[in-house]
Amino acid sequence: MQLISATPSPYARKVRITLAEKGVPFELVTEVPWNSTSATPKYNPLEKLPVLILDDGSSVYESRFILEWIEAKYPEPPMLPGNIDGKLFARQVEVVVDGVCDACVSLFWERHRDPDKQSAEWKARQMRKVDGGLKALAEWVGDREFIVEDRFGLADVATGTLCRYLDVRFPEHPWRTTHPNLAAYSDRIERRPSFAETVPVPQVISDKVV
Ligand SMILES: N[C@@H](CCC(=O)N[C@@H](CS(=O)(=O)O)C(=O)NCC(=O)O)C(=O)O
């Protein structure tokens with residue numbers, strides 16, 4: 001099995017961490033999805049990574065669905081609690097995390113436009129989503145070790161991934177000051193081997209994207 005990933009990708013890191021936590025072997029294929037040389041469009045009509053390429057050549061894409069697929073195929077150890085409300089809450093946390101990441105991606109590209117072509121309204125709208133999402137996550141984390149029923153799982157994979165992504169993509173964002181409990185949570189969870197071996201780093205994007 002191969003995973004198409006990118007070095008800063010929070011969505012791909014969720015998958016890398018989950019596969020590591022479950023001890024599922026895979027080959028990591030690191031790409032820049034915005035470069036014309038990317039193989040991603042061959043495996044995902046939406047042209048986005050992460051993409052899981054199975055041994056029969058078929059592909060699984062969209063990180064939330066990839067994680068659902070992995071949970072179904074490799075149930076041990078579970079990344080979700082046994083009860084339905086706990087499962088649904090964990091998935092709601094992932095929805096907020098992915099939404100903050102989507103807003104970060106949108107903001108990142110808006111900032112890549114010529115300054116006179118950047119929309120202040122659009123950037124403010126995206127930053128509101130980032131700040132609103134972080135506020136919700138900080139409240140859910142509180143002073144807990146793990147978010148859902150005090151056991152490591154999907155909600156922690158997602159939330160931990162987002163925190164480190166912010167450090168890489170928006171180092172100037174004051175989330176660590178605004179939410180010191182989230183910063184402490186992030187520093188703790190980054191000590192897990194599955195996190196320590198998947199730390200995000202920036203990438204060089206050679207093509208013109210916007
Ligand atoms: N909803 C998707 C988002 C994935 C996504 O936006 N991936 C980016 C790369 S990264 O932002 O994660 O580094 C991508 O492939 N973008 C290429 C494109 O949007 O055409 C998921 O959860 O998998």
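Which residues does A155 touch, not counting residues up to four places away in sequence? They are A90, V93, I147, V148 and Y185, and the close-ups below, all taken from a predicted model, start right there.

**Close-up 1. A155 and what it touches.**
A155 is part of helix α6. With a relative accessible area of 3%, A155 is buried, because anything under 20% falls in that class. A90 is one of the residues that A155 touches. Along the chain, A155 and A90 are 65 residues apart, yet their C-alpha atoms are separated by 4.9 Å. I147 and V148 are also among the residues touched by A155.

**Close-up 2. The ligand and its surroundings.**
Here the ligand sits with S9, Y11, P33, W34, E47, K48, L49, P50, E62, S63 and V105 around it. Three of the side chains are worth zooming in on. S9 puts a polar side-chain atom 2.6 Å from an oxygen atom of the ligand. For E62, a polar side-chain atom is 2.6 Å from a nitrogen atom of the ligand. S63 has a side-chain N or O atom 2.5 Å from an oxygen atom of the ligand. On its own the ligand has 550 Å² of accessible area, and the protein covers 88% of that. As for where all this happens, the space taken by the ligand is the largest pocket.

**Close-up 3. Two cis peptide bonds.**
Most peptide bonds are trans, so these two deserve a look. One cis bond joins L49 and P50, with omega at about 10°. P50 sits in the loop between α2 (40–43) and β3 (51–53), and both L49 and P50 are among the residues surrounding the ligand. The other cis bond runs from E76 to P77, with omega near -15°. P77 belongs to the loop between α3 (63–73) and α4 (84–110).

**Close-up 4. Positive phi at E149 and D150.**
Most residues other than glycine have a negative phi. E149 isn't a glycine, but its phi is positive, about 55°. D150, also not a glycine, has a positive phi near 50°. You'll find E149 in the loop between α5 and α6 (154–169), and D150 is in the loop between α5 and α6 too. How exposed is E149? E149 comes out at 46% relative accessibility, so it counts as partly exposed.

**Close-up 5. Q203 and the residues it touches.**
Q203 lies in the segment after α9 (193–196). Its relative accessible area is 16%, which means Q203 is buried, the limit being under 20%. The side chain of Q203 makes a polar contact with the side chain of R169, at 3.3 Å. Leaving out residues up to four places away in sequence, Q203 touches A6, T7, P8, E31, V32, P33, W34 and R169. Two of these names, P33 and W34, also turn up among the residues around the ligand.

**Close-up 6. S38 and its polar contact with E31.**
S38 is in the loop between β2 (27–30) and α2. S38 counts as buried, because its relative accessibility is 10% and the cut-off is under 20%. Its side chain makes a polar contact with the side chain of E31, at 2.5 Å. Apart from residues up to four places away in sequence, S38 touches E31, V32 and P33. Between the C-alpha atoms of S38 and S206 there are 12 Å, with 168 residues separating the pair in sequence.

**Close-up 7. M1 at the start of the chain.**
M1 comes in the segment before β1 (2–5). Buried or exposed? M1 is buried, at a relative accessible area of 18%. M1 and L54 are 53 residues apart in sequence, but 4.8 Å apart in space, C-alpha to C-alpha. Not counting residues up to four places away in sequence, M1 touches a whole list of residues, including L19, V24, F26, L52, L54, W69 and Y74.

**Close-up 8. Q126 in helix α5.**
Helix α5 spans residues 120–141 and holds Q126. Q126 counts as buried, at 4% relative accessibility. Setting aside neighbours within four places in sequence, Q126 is in contact with A103, S106 and L107.

Note on methods. Residues are numbered from 1 along each chain as its sequence is written. This is a predicted model: local features need pLDDT of at least 70, side-chain atom pairs count only at pLDDT 80 or more; totals for chains, interfaces and linings use all residues. Side-chain values use heavy atoms; hydrogens and water are left out. Helices (H or I, at least four residues) and strands (E, at least two) are DSSP runs, numbered from the N terminus. Buried means under 20% relative accessible area, exposed over 50%, partly exposed in between (1.4 Å probe, protein chains only). Contact means heavy atoms within 4.5 Å. A residue is near a molecule or strand if one of its heavy atoms lies within 4 Å of it. A polar contact is a pair of N or O atoms within 3.5 Å; within protein, one must be able to donate a hydrogen and the other to accept it, and residues adjacent in sequence count only if both atoms are side-chain atoms. Accessible areas come from the Shrake-Rupley method with a 1.4 Å probe; for residues, only the protein chains shown count as cover. On a 1 Å grid over the protein atoms alone, a cavity is a set of points where a 1.4 Å probe fits but cannot get out, and a pocket is an open set with protein on both sides within 12 Å along at least five of seven lines; lining residues have an atom within 4 Å of a point. A molecule sits in a cavity or pocket if more than half of its atoms lie within 2 Å of its grid points.
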